[in-house]
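Subject: Structure handover

Dear colleague,

I am passing on the structure we spoke about, and below it I have written out what was found in it. Please read the notes with the structure open beside you.

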Amino acid sequence: MAVSKKKTVFFCKECGNESAKWMGQCPACHAWNSFVEQELKSAPAGSPRMKQPGQVPKPTSISELSLSEEDRVSSGIAELDRVLGGGVVPGSMILVGGDPGIGKSTLLLQACREMAAKGQKLIYISGEESLKQIRMRADRLGTFTGDLKLLCETDLNVIGDILRSERPDIVIIDSIQTMYNEEVSGTPGSVSQVRESTAVLLQLSKSLGISIFIVGHVTKEGTVAGPRILEHMVDTVLYFEGDRHASYRVLRGVKNRFGSTNEIGVFEMFEGGLREVSNPSEYLLSGRPENASGTVTACSIEGTRPILLEIQALVCQTGFGIPRRQSSGADLNRINLLIAVLEKRLGLKLGMCDAYVNIAGGMRIVEPALDLAIAMAVVSSFMNIAVNDRLLAFGEVGLSGEVRGVSQSEQRIREAAKLGYKECVLPRVSAARIGEIKGIRLYPVDSVRDAIALIKK
Ligand code: TYD
Ligand code: MG
């Protein structure tokens, strides 16, 4: 008689690294004694990948498959739809990550309210808050209509049973770190629990055709597994970021199997929940000082949308031996490089100066198109000459001080023209590709030197 042997696999509790055999030290994260054994389960019956006996799957021709935009369900929040690529795809899994307290529960409850009003059947499952607490939040958001049910539950077996009997269209799991699967070892929030819970939810989502939003807290602490380990399992990954002390929030698409990534949605938190900011440029430029040195407007393309930003720089004499360079919002390495270019190519004595660069509003942008505006802001502060506050600058700066072309120049200029900007400094190659734009004067430049000359003018 054959003895059936349990198949097991080992994985690291710290980083989730998998191995067929036990190891003393994890080769990926170098943690000692972190490998734990876990039983390998066969796929449950009814899994979409399971072959039915006697049935041979037939490949389908790609041209026979039809897709329509109507397949998507609008979340009722335009900024969220934009990041999702047009709405929620039925049967998809969406991870919404972010720091605790940033507003993930608020955003999803608001989306639930809109979707329920449109006739969708929803269940909001919370493992973090009591029904009363959710109700209190809901009261701040306004009136709720339609089929939205609340459930406080953390046991995935129970959740599975409820989903199979209720058959909702959309489910919210708040949060994955509180969910518990009793067949798996570890406390809720551990790597094994988070991974297995997601696998169970994935299975439920695909077999029942339910769209599931999963909330995941981003934590630096090792014991609670952050959402990074489940990014590859879900269809869409959105991160909700922003300064908790400022009121604006940015929802950023990091992965999307059904749309473009890099789209952002901008929100503002107020006492009645999250408000959409449909014109972020105007919002980010509000409160800009007039006639101040060290501030230049730049334009970044986020997904399909141009966003105007205020770049601020403060350059002052170093008090101690080593100059301080600090950045908030922009890439510090890039700033050091730009300062080196200004020093070497323009002969500016920045070597003995502290430099602080800030993107006002707390946005984080790494696009090289901001280079020219950063360089101009640094020089404007260094020379203490204000740049025209109706001037836009964009372009990538190379190591020889040349200004290189960037994509979608026309879109950037049109956004600035819409907000009443009068002048634009841009790379010559980009200027050659665009025609005249009403109300805005173009200054094509070849190098940073040309751009700086415009400040002195
Ligand atoms: P929450 O959605 O609970 O955050 P998360 O689920 O990401 O942990 O939001 C928490 C913060 O939002 C909290 O500090 C209070 C604030 N908030 C408002 O300012 N206005 C509101 O209407 C609501 C509901 C929350
Ligand atoms: Mg929450």
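Helices and strands here are DSSP runs, at least four residues long for a helix (H or I) and at least two for a strand (E), and they are numbered from the N terminus. In those terms T178 sits in the loop that runs between β7 (170-174) and α5 (191-208). Please keep in mind throughout that this is a predicted model.

To begin with the whole chain, it has 457 residues, of which 49% count as buried, and it contains 11 helices and 21 strands. Its C-alpha atoms fill a box of roughly 90 × 55 × 50 Å when the box is taken along the principal axes.

The surroundings of ligand 1 come next. The shell around ligand 1 has 15 residues, and the closest of them are G101, S105, T106, R137 and G273. Sorted by type, the shell residues divide into 4 nonpolar, 6 polar and 5 charged. At least two shell residues come from each of α2 (104-117), α3 (131-141) and β11 (264-270), and the largest share, 3 residues, is that of α2. Oxygen atoms of ligand 1 also lie at short listed distances from the backbone: 2.7 Å from a backbone N or O atom of G101, 2.8 Å from a polar backbone atom of K104, and 3.3 Å from a polar backbone atom of I102. Taken alone, ligand 1 exposes 560 Å², and the protein buries 77% of that area.

Helix α3, which contributes to that shell, is also the place of R140. R140 has a relative accessible area of 56%, and because exposed means over 50%, R140 is counted as exposed. The C-alpha atoms of R140 and L285 are 29 Å from each other, with these positions 145 residues apart along the chain.

Away from the ligand, the largest nonpolar core has 49 residues, and M363 and M376 are those with the most contacts inside it. Helix α8 (residues 371-383) provides the largest share of this core, 8 residues, while domain 2 (72-278) and domain 3 (283-456) each give at least three residues to it. In soluble globular proteins, nonpolar side chains tend to be buried together. A buried residue you may like to look at is L338, in helix α7 (residues 332-346), whose relative accessible area is 3% and therefore falls under the 20% limit for buried. The C-alpha atoms of L338 and V397 are separated by 7.5 Å, although the two residues are 59 apart along the chain.

To return to the loop between β7 and α5, S175 lies there as well as T178. A cis peptide bond, with omega at about 0°, joins D174 and S175. The backbone oxygen of S175 is 2.7 Å from a polar atom of the T178 side chain, and T178 itself counts as buried because its relative accessibility is 17%, under the 20% limit.

Most residues other than glycine have a negative phi, and most peptide bonds are trans. Two backbone angles therefore deserve a look against that background. R167, in the loop between α4 (156-166) and β7, has a positive phi near 50° and is partly exposed at 47% relative accessibility. N291, in the loop between α6 (280-285) and β13 (295-302), has a positive phi of about 55° and is exposed, with a relative accessible area of 67%.

With kind regards

Definitions and conventions: Residues numbered from 1 in each chain as written. Chains lettered and ligands numbered in written order. Predicted model: local features only at pLDDT ≥ 70, side-chain atom pairs only at ≥ 80, totals over all residues. Heavy atoms only, no water. Near = heavy atom within 4 Å. Polar contact = N/O pair within 3.5 Å; in protein donor to acceptor, adjacent residues only side chain to side chain. Areas by Shrake-Rupley, 256 points an atom, 1.4 Å probe, with all protein chains shown as cover. Nonpolar A, V, L, I, M, F, W, Y, C, P; charged D, E, K, R; others polar. Core = buried A, V, L, I, M, F, W, Y, C linked by side-chain atoms within 4.5 Å. Buried < 20%, exposed > 50% of the residue type's maximum accessible area, 1.4 Å probe, protein only. Domains from an automatic or database assignment.
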